[in-house]
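Biologist: I would like to learn how to read a few features of a structure. Could you take me through them one at a time?

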Amino acid sequence: MKQLDRARRLLPGLLVVAALGAGLLPQACKRSEAKREVDSAARALPVDPELVVQRLDNGFTYLLKPAQSTRHAVELALVSRTGSAVERADERGFAHFVEHVAFDQRFGDLTFEALAGPLGTSFGPDTNGTTAGSSTVYRLALSDTSREALSNALDLLLGVASAVRFDEATVERQRGIVRSEQRLRADPLREQRWRHLFQGSPLAEREPGGTEAAVQAASPQQLESFYRRWYRPEQLALVAVGHIERTWLAERIAERFGSLPRSDAAPSPPVEPPLARAEAFASLEAASVGLRQGSIELISRLPAPAAERERDFRVQLVDRCLAELLDARLDRSWMAHLSLLADRPGSDVGSKSSEGLLNALRIRFVAQPGQLRGAAELLFVELERMRQHGFSADELTRAVTQVSSWLEQVAAQATLQSEAERLTRHFLRGGERLAPHQTKAVGQRLLAQIDAATLQARWIEWLALGHKSVLALRAAADGSLSREDLQAMAAEVAARKLEALPEEGPRALMAALPEPGRVVATEELPGVGARVWMLQNGAKVVFKPVRSGSNEVLLRAVSPGGRAHSAPSRYANAQLAASVVLDSGVGSHDIRSLLRLLEGKRATVRPWLSDGFEGLRGSSPTVELELMLQLAHLYVTQPRADAHALERQRSSLRAPPPASSALGRAISTALHPGDARFSKPDPDTLSLDEILRFYRDRFGNVSDFTFIIVGDLEQQQLQPLVERYLASLPGSPRADRIAPSREQLPPAVHRVRLAGRASQDSHVRLEFRGAATPHARERVELEALRLHLESALLRELRQQRGAIYAPQVTASWSASGYELSIGFDCPPQNVDVLQQATWTSIERLRREPLAASAIAELQSALATLYANATSSSSQFWADQLEEAHLFEVPPQDILALPELSAKLTAEGLLQAARRYLRNDDHVDAVWSPG
């Protein structure tokens, strides 16, 4: 739910001590304790007792932490202090290029791709490697934790650290992939922000993606020189977290990596971007890149010291408090100025947002077309208002509560991956000394010491002129807005006397709670571990407890009917009914009031409509379960449809769609010519009354609804809330079911060609779809086809040809049957040859059975996937139980997935390929640049 997602936002301002007064935050210590607090601030933070950090004689470092998890696994990472910051002017992009070449290597019999199968580790673009401004990280996630498996993984990472070869064929292949990734991620606006964030530093011209010219000109000899210069023992570390034998693994690491020769090169200096006075204002013309909406962005910079002592950790907690405080202010600014702002203000704070090299605060207002000047003034007004009036006691109390909740989550939801990332940051920047349980304990104690004066002092640091700048990016509709205009506007606003925001009294989502209904019958789903309650209003509740440790509850609700009940002439209103209601608020709360009420909460509910069904999807922490069910109750009983929400939908419909959306609509039109369900709604035919009438018709009677609730909770917690909020919903028998359409279109090849705005690459898509029922065997076979095609095309199109960055292969089920889609981006001149290569892989799969080794790998991957999911994944169970009710298949089918995965056969997959991947019945679609 976009409007209700609680991202951590931040908007700078100054606190005035006189305005805040005493007692705004709970005072944990008396004045007599002040000296003790000052002394404790210099105290070193405790060190994770399970952590081993050792530096070998040659400078190589290893960091080991035994840790338990829900699955038997080890997370490994080879970390290099080599990123784009160390590149010379003619080497821009070399750090990233070297990463790509390193993955395309064979060290003896070991390759990353080979380890992905037998050792059970994931492998693919964005999965195993990351290049940033100050580092490159190579990751392996192993489900086989035997000594042999770990030895092989160490040998592979040793090869990356010391034995990468730069032959012509490999470099040329990877050059194509790097260039494809550059095109895919090209974003001139992001690059402008990067330059502005790091201005005054060489890093400003060292965005990790590099430049096209440098990558195109890079020779094998130049890349090898860069690699030898920077991949030295003192620049490298190995991280291992999980089910490990600490002593044995330390000895094996020392044997292998300790033999690397010590380097005689001078130590590389740490990357420290300057924090001197920045240009206060800048205004850049961005119309040349097709920017439709201008933006105004504030950027502040502060040092990012490693959290070695309590005072450092306390500063981090202060920043989190300020982030929570201003999250609410951003929402209030946005919803009060919808005519100026096109979307929720974007914000980010902390060292992660700026590569860990400095603390960065970034606030971005995106303006409606032609409204950049107004958006800029609003930014300055909100800054000045906070300078003059500060924040209320209620705001500050809520912020502390939210940070306290975050500390609880850190302790409860730590994973092997998050711990490996923590140790990686420790090697790169220091700090990160606390284990998750220590973070909670120390953090709660330090949080109680934070007062208004501390917050004010930190705000003064954030807003010091020497660390702050304002960047405007102008779209064509914004006219002129110069640097001088911005300076004058800021000065004029600073001279105003502004009113404080009005205080808000106690707020409740529901003015009065509904009288509870009753559970009239109970049954069990054999083997599934789920209970079914039949409610007095005719609805059913399926409850599945999952002990995942996530403290999360997921809600699904499904009912047959959907948009198929709309008259063709009114179908556009049915298409947008759920979106308009979602954007209008609920009950007595318009969207502004609802967002304010839900400040700091994570409970969400979202209504949805498809051609054959209507329903709700929601999630919440376990402690906010009642709030989530209240939202569900209101979306059924008291929906809203407000004019501003309709206007936002109209504006979105009139805007040019992105390439993927345009191609998807063109495919639907080709498959269903003249069908109103697949045409773009006419914004001028939309009616609020019709939208609300249709929504109430579909959601106002829950007698045929099935509610699915999955998560970390017990029956005694849930049943009273179900009776009050779900059993009390209106429901009476109705016979309006429309059977889901499983139409079987005549076999045909639909060729779709679409041209759009100027771009570098084409987008190619092949789609296979047809009528089928998703029983367990069919689900396993389709997922096996997806996994095999994804692996085969990754190998063929990326690793062998170096022609694309990554293929996207998806498989899904709907009321009408299955869909398997293959997509990739490539230069327009490569479309034909890459399409033919894709068809070669498909035809091979249709023509002959897979080898026994390939089937074994698929069996292992699927069995592991389903076994882990069925044991501990709330998301898996919520999705599977929802689909069982949508598609009318027995819920017990879910339990058969691991067993059927182990029984997958080459002949069965061959027949599935012929059934699902028909060369005489598919969509062949290409979007090309105009």
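Modeller: Start with a loop: E432 sits between α14 (416–429) and α15 (436–447). Keep in mind that this is a predicted model.

Biologist: What is the sign of phi at E432, and about how many degrees is it?

Modeller: The general idea comes first. Most residues other than glycine have a negative phi. In this structure E432 is not a glycine, yet its phi is positive, about 55°.

Biologist: Is E432 buried, partly exposed or exposed?

Modeller: Buried means under 20% relative accessible area and exposed means over 50%. E432 has 29% relative accessibility, so it counts as partly exposed.

Biologist: Which residue just after α28 takes a positive phi?

Modeller: That is E888, with a positive phi of about 60°. E888 is not a glycine either. Its place is the loop between α28 and α29. At 52% relative accessibility, E888 counts as exposed.

Biologist: How do I read the helix before that loop? What length does α28 reach, and what is expected?

Modeller: Compare the span with the value expected at 1.5 Å a residue. Helix α28 covers residues 874–887, 14 residues in total. From first C-alpha to last, α28 reaches 20 Å, close to the expected 20 Å.

Biologist: How many residues of α28 are buried?

Modeller: The count is 10 of the 14, so α28 is largely enclosed by the rest of the structure. Among the buried residues are F876, W877, L881 and F887, and also Q880 and E882.

Biologist: How many cavities of 30 Å³ or more are there?

Modeller: A cavity is a space where a 1.4 Å probe fits but cannot get out. The count here is one cavity of 30 Å³ or more. The largest cavity has a volume of about 70 Å³.

Biologist: Which residues line the largest cavity, and which helices supply at least two of them?

Modeller: The lining includes P774, A776, R779, Q880, E883, A884, D893 and L897. Helices α25 (776–800), α28 and α29 (893–902) each supply at least two lining residues. By type, the lining has seven nonpolar residues, one polar and three charged.

Biologist: And the chain as a whole: how many helices and strands does it have?

Modeller: The protein chain has 30 helices and 23 strands. Of its 930 residues, 54% are buried. Among contacts with a separation of 6 or more, 85% join residues 24 or more positions apart. The accessible surface is about 37800 Å², and carbon and sulfur atoms account for 50% of that surface.

Technical notes:
Residues are numbered from 1 along each chain as its sequence is written. This is a predicted model: local features need pLDDT of at least 70, side-chain atom pairs count only at pLDDT 80 or more; totals for chains, interfaces and linings use all residues. Side-chain values use heavy atoms; hydrogens and water are left out. Helices (H or I, at least four residues) and strands (E, at least two) are DSSP runs, numbered from the N terminus. The expected span of a helix is 1.5 Å times one less than its number of residues. Buried means under 20% relative accessible area, exposed over 50%, partly exposed in between (1.4 Å probe, protein chains only). On a 1 Å grid over the protein atoms alone, a cavity is a set of points where a 1.4 Å probe fits but cannot get out, and a pocket is an open set with protein on both sides within 12 Å along at least five of seven lines; lining residues have an atom within 4 Å of a point. Grid points are joined across faces, edges and corners, and a volume is the space filled by probe spheres set on the points. Ala, Val, Leu, Ile, Met, Phe, Trp, Tyr, Cys and Pro count as nonpolar, Asp, Glu, Lys and Arg as charged, and the others, Gly among them, as polar. Contact means heavy atoms within 4.5 Å. Accessible areas come from the Shrake-Rupley method with a 1.4 Å probe; for residues, only the protein chains shown count as cover.
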